[in-house]
Amino acid sequence: MSDDYLVRIGKLIRDARQHRGWTQTQLAEALGTSQSAVNRIERGNQNISLEMIARIGEALDSEIVSLGYAGPMHLRVVGGRRLSGAIDVKTSKNACVALLCASLLNKGRTVLRRVARIEEVYRLLEVLNSIGVRTRWINDGVDLEIVPPAELEMAAIDAEAAVRTRSIIMFFGPLLHRMDRFKLPYAGGCDLGTRTIEPHMIALRRFGLDIAATEGQYHAQVDRSVRPDRPIVLTERGDTVTENALLAAARHDGVTVIRNASSNYMVQDLCFFLEALGVKVEGIGTTTLTVHGVPNIDVDVDYSPSEDPVEAMSLLAAAVVTESELTVRRVPIEFLEIELAVLEEMGLDHERSPEYCADNGRTRLVDLTVHPSKLEAPIDKIHPMPFPGLNIDNVPFFAAIAATAQGKTLIHDWVYDNRAIYLTDLNRLGGRLQLLDPHRVLVEGPTRWRAAEMMCPPALRPAVVVLLAMMAAEGTSVLRNVYVINRGYEDLAERLNSIGAQIEIFRDI
């Protein structure tokens, strides 16, 4: 077989396996082979017989394995439909990926409840599997069990999976406790312009980690004599930066103070998980965290991450843009209060239930019912701030919301280099967005949305914003190559269809 054919077959097998919800190890067990062999097959690095293809198809219950290559996934959207009913918010993408990285701190068994079944999680599972971590979906594929090996096989790391996720940089914090030298592929993820990892390095150097970046890899070396002897002040109040510092501090034999820390939702979930591992964390929800490290963590732990406030914002925006009445259940209200305050000023009519507790026992949830509303552009600009400000990831949804409001709204997306540019893709659907500079967009509404066929923007939240606008546009739209949406949302099309949308998933023949 040609190399190109093997790569195409490998990608198809990977898609079928992930659709089944299996890890590489589970498929290997069904085939009577090794996880490393499955890894080579999926990467197109191993010859494969037609008999083996048939066996894989039988194991995965996927007839398509024997028919050909499954190309990129696309969405066909029949817009102009009203949504109705109720929908639950799923667990947090960003918390789940942080907890997967944090599982490397633990020598014991980790069970994470209701893990988001998204591409970002799949990529991290492939990386974990490739270095010897055993993972499996349990309880009908709802929960995830993680069991680490005595020694990690870093030389066998799945570089292809690693470079497709920026979350790989959160391996630095746990790994510096497990080995003196290791390599990691460069971090990938959304195309949001250049994002330096220097803030991570500034924090982690205090634990003796030194990084040299060459030939597409980070070469890490740990000096055990270096210890944080004074508070660590983060130069950026970033979420992943704070998480990396927490992961490094968790197994540091001593007390670490982290200042200018993010107190965002995924950081709080990570802190709660560390407490379940026996690590004392003071100041959760503030910008100063005091971590009492535990040098050896060997416990069986069961933890439930909380719901995703960004997904909640996505669903609220879907209701607003389609002028629908919709109840969004299990909304982590603490992390949406600023957004709702802005929407109230714009004229949003909504109701909220009394607060109740998430399964982690800590996060406050409510059910929100959104009613069709006549919105007015806000007086002030929309701009993100570190928590408790308006969430950085929620800014793009205000582009679609502002497009439905009367008047002009200035959106200042100062964090990322390219994301504001992607918001102007809404112009293809009838929007009136003027790019003032790489970070500022002026949105004029109200908008008469129109159907269009277009490629998915290469950034997660702008991609979903385009999908929401297509749902509001009369006629049939096509959004091509939606992998980036699957990175952050589980079964989004099917779930939107359950509340009245009409979205068809299809692939090129």
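The paragraphs below lead through selected parts of a predicted model, from strands and helices to cavities and unusual backbone angles.

Residues are numbered from 1 along each chain as its sequence is written, and side-chain values use heavy atoms, with hydrogens and water left out. Because the model is predicted, local features need pLDDT of at least 70 and side-chain atom pairs count only at pLDDT 80 or more, while totals for chains, interfaces and linings use all residues.

Strand β5 is a convenient starting point. Helices (H or I, at least four residues) and strands (E, at least two) are DSSP runs, numbered from the N terminus. β5 covers residues 143-147, and five of its five residues are buried, where buried means under 20% relative accessible area, exposed over 50%, and partly exposed in between (1.4 Å probe, protein chains only). The cover extends to both faces: Asp 143, Glu 145 and Val 147 lie on one side, and Leu 144 and Ile 146 on the other. Two strands count as paired if DSSP finds at least two bridges between them. β5 runs antiparallel to β3 (residues 110-112), with three bridges, and antiparallel to β4 (residues 134-138), with five bridges. Glu 145 stands opposite Val 111 in the pairing with β3 and opposite Arg 136 in the pairing with β4. β4 and β5 form a hairpin with four residues between the strands, and Asn 139 there has a positive phi near 55°.

A second antiparallel arrangement involves strand β12 (residues 288-292), which is joined to β10 (residues 255-259) by five bridges. In that pairing Thr 256 is opposite Val 291. β12 also pairs with β11 (residues 280-282), in the antiparallel sense, over three bridges; here Lys 280 has His 292 as its bridge partner. Five residues separate β11 and β12 in their hairpin, and Gly 283 in the turn has a positive phi of about 90°.

Phe 272 belongs to helix α11 (residues 265-276). With a relative accessibility of 8%, Phe 272 counts as buried. What does Phe 272 touch, not counting residues up to four places away in sequence? Its contacts (heavy atoms within 4.5 Å) are Ile 284, Tyr 303, Asn 360, Arg 362 and Thr 363. Phe 272 and Ile 284 are twelve residues apart along the chain, and their C-alpha atoms are separated by 8.5 Å.

Helix α13 (residues 337-346) has five buried residues to consider: Glu 339, Leu 340, Val 342, Leu 343 and Met 346. They cover an arc of only 160° around the axis, so they are on the same side of α13; the arc is that of the directions from the helix axis to the C-beta atoms. An α-helix has 3.6 residues a turn, so residues three or four places apart point the same way. The buried residues of α13 pack against α12 (309-321), β15 (349-352), β17 (364-371) and α14 (395-404). After α13 comes Gly 347, with a positive phi near 110°.

The next topic is internal space. On a 1 Å grid over the protein atoms alone, a cavity is a set of points where a 1.4 Å probe fits but cannot get out, and lining residues have an atom within 4 Å of a point. Grid points are joined across faces, edges and corners, and a volume is the space filled by probe spheres set on the points. The count is four cavities of 30 Å³ or more, and the largest has a volume of about 50 Å³. Its lining includes Arg 17, Trp 22, Gln 24 and Trp 137. Helix α6 (residues 119-130) gives the largest share of this lining, four residues. The lining divides into four nonpolar, three polar and two charged residues, with Ala, Val, Leu, Ile, Met, Phe, Trp, Tyr, Cys and Pro counted as nonpolar, Asp, Glu, Lys and Arg as charged, and the others, Gly among them, as polar.

Some backbone angles remain. The peptide bond between Phe 387 and Pro 388 is cis, with omega about 20°, and Pro 388 lies in the loop between β17 and α14. Another cis bond runs from Gly 445 to Pro 446, with omega near 0°; Pro 446 is in the loop between β20 (440-445) and β21 (453-455).

Arg 330 is not a glycine but has a positive phi of about 65°. Arg 330 sits in strand β14 (residues 326-332) and, at 19% relative accessibility, counts as buried. Asp 491, also not a glycine, has a positive phi of about 50°. Asp 491 is in the loop between α17 (483-488) and α18 (492-497), and is partly exposed, with a relative accessible area of 42%.

Technical notes: On a 1 Å grid over the protein atoms alone, a cavity is a set of points where a 1.4 Å probe fits but cannot get out, and a pocket is an open set with protein on both sides within 12 Å along at least five of seven lines; lining residues have an atom within 4 Å of a point.
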